[in-house]
Amino acid sequence: MPLIELDDLTDPQHAGSLRDYTALKDVQLRARREPAEGLYLAEGVEVIRRALAAGHVPRSLLLSRSRFEDLADVLPAGAAVFVAPVAAFADLTGVDLHRGALASMQRPAQRSVPDLLASLPAGPARLVVLEDVVDHTNVGALFRSAAAFGVDGVVVSPRCADPLYRRSVRVSMGTVLHLPWARAASWPGDLDLLRSAGFAVAALALAEDSVALGSFAVPERLALLLGTEGDGLSRRALSGADLVVRIPMDPRVDSLNVAAASAVALWETRRA
């Protein structure tokens, strides 16, 4: 692998190669740039290891000396590896990256909902479906819960935050890199594709006609539909669900954060 040791990451000689790591504080810019340029960033030794184990291809890596040594056994030939003091990272990226390990990875091809459904096993299966969850931290936490409780895949609505954004990947602990997911092309129309594949769509919401988790027979193929922070599920999404379920709670608490709610619901609907 080409190893390039630098003390100054703002050296114009390497500006082109290091462009993948610039302006990390500008969330809107990065959210536009990364899908358009076919990349995503993996941060931290464990997440980078999981990205490589998932077969994702690095464009380059930016590492401190100690993190280079931590990853030396898995670094592929061909990818440029920039090694620099951690203190120099902020000058390039605009943020404090105390983990000392960043990798610019080639973004894998986006799955469609039909592609995801075709990859699932026959018989019992569970999906998580996210409508317009725009907070990257929540998206990462939702993926981590989904992976922890044996979910088979995730569907995100067209306006949902990017699961491969750096913060989402980090918070998910890299689970987003191996848990299959797809972005819906038609919303909420793609819920019909789930039903056609035998899934019952259960919307998690506070509604008069909701049934308490634990009080209904969990379908063999279940798609759990979760809504955005604050407003919850749209009326159109609710109308596309087969049933509405709720988490029984103390009446003094009206709701849970969507990531916390997902963990409770996924535990309650887990397969034995």
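Domain bounds here come from an automatic or database domain assignment.

**View 1. Two domains in one chain.** This is a predicted model, where local features need pLDDT of at least 70, side-chain atom pairs count only at pLDDT 80 or more, and totals for chains, interfaces and linings use all residues. Residues are numbered from 1 along each chain as its sequence is written, and side-chain values use heavy atoms, with hydrogens and water left out. The assignment splits the protein chain into domain 1 (3-106) and domain 2 (113-269). Their C-alpha centres sit 31 Å apart. Domain 1 puts 18 residues into the contact and domain 2 puts in 11 residues (contact means heavy atoms within 4.5 Å).

**View 2. The second largest pocket, between the domains.** Both domain 1 (3-106) and domain 2 (113-269) give residues to this lining, so the pocket lies between them. A pocket, on a 1 Å grid over the protein atoms alone, is an open set of points where a 1.4 Å probe fits, with protein on both sides within 12 Å along at least five of seven lines; lining residues have an atom within 4 Å of a point. The space here comes to about 310 Å³, a volume being the space filled by probe spheres set on the grid points, which are joined across faces, edges and corners. Pro108, Ala109, Gln110, Leu164 and Trp181 are the closest to the centre among the 17 residues of the lining. At least two lining residues come from each of α2 (27-37) and β8 (181-183); helices (H or I, at least four residues) and strands (E, at least two) are DSSP runs, numbered from the N terminus. By type, the lining has 10 nonpolar, 3 polar and 4 charged residues. Ala, Val, Leu, Ile, Met, Phe, Trp, Tyr, Cys and Pro count as nonpolar, Asp, Glu, Lys and Arg as charged, and the others, Gly among them, as polar.

**View 3. The largest pocket.** This one holds about 450 Å³ of space. Of its 22 lining residues, Leu204, Ala205, Gly232, Ser255 and Leu256 lie nearest the centre. β12 (243-246) and α11 (258-268) each chip in at least two residues. The lining breaks down into 12 nonpolar, 6 polar and 4 charged residues.

**View 4. α7 against α11.** Helix α7 (residues 136-148) packs on α11 at about 10 degrees, with the axes 9 Å apart; axes are lines fitted to C-alpha atoms over the stretch in contact, and angles run from 0 to 180 degrees between N-to-C directions. The two helices are therefore roughly parallel (angles under 35 degrees). From α7, Asn138, Ala141, Leu142, Ser145 and Ala146 meet Val258, Ala259, Ser262, Ala263 and Leu266 of α11. That contact has 7 nonpolar, 3 polar and no charged residues.

Conventions:
Parallel < 35°, antiparallel > 145°, perpendicular 65-115°, else oblique.
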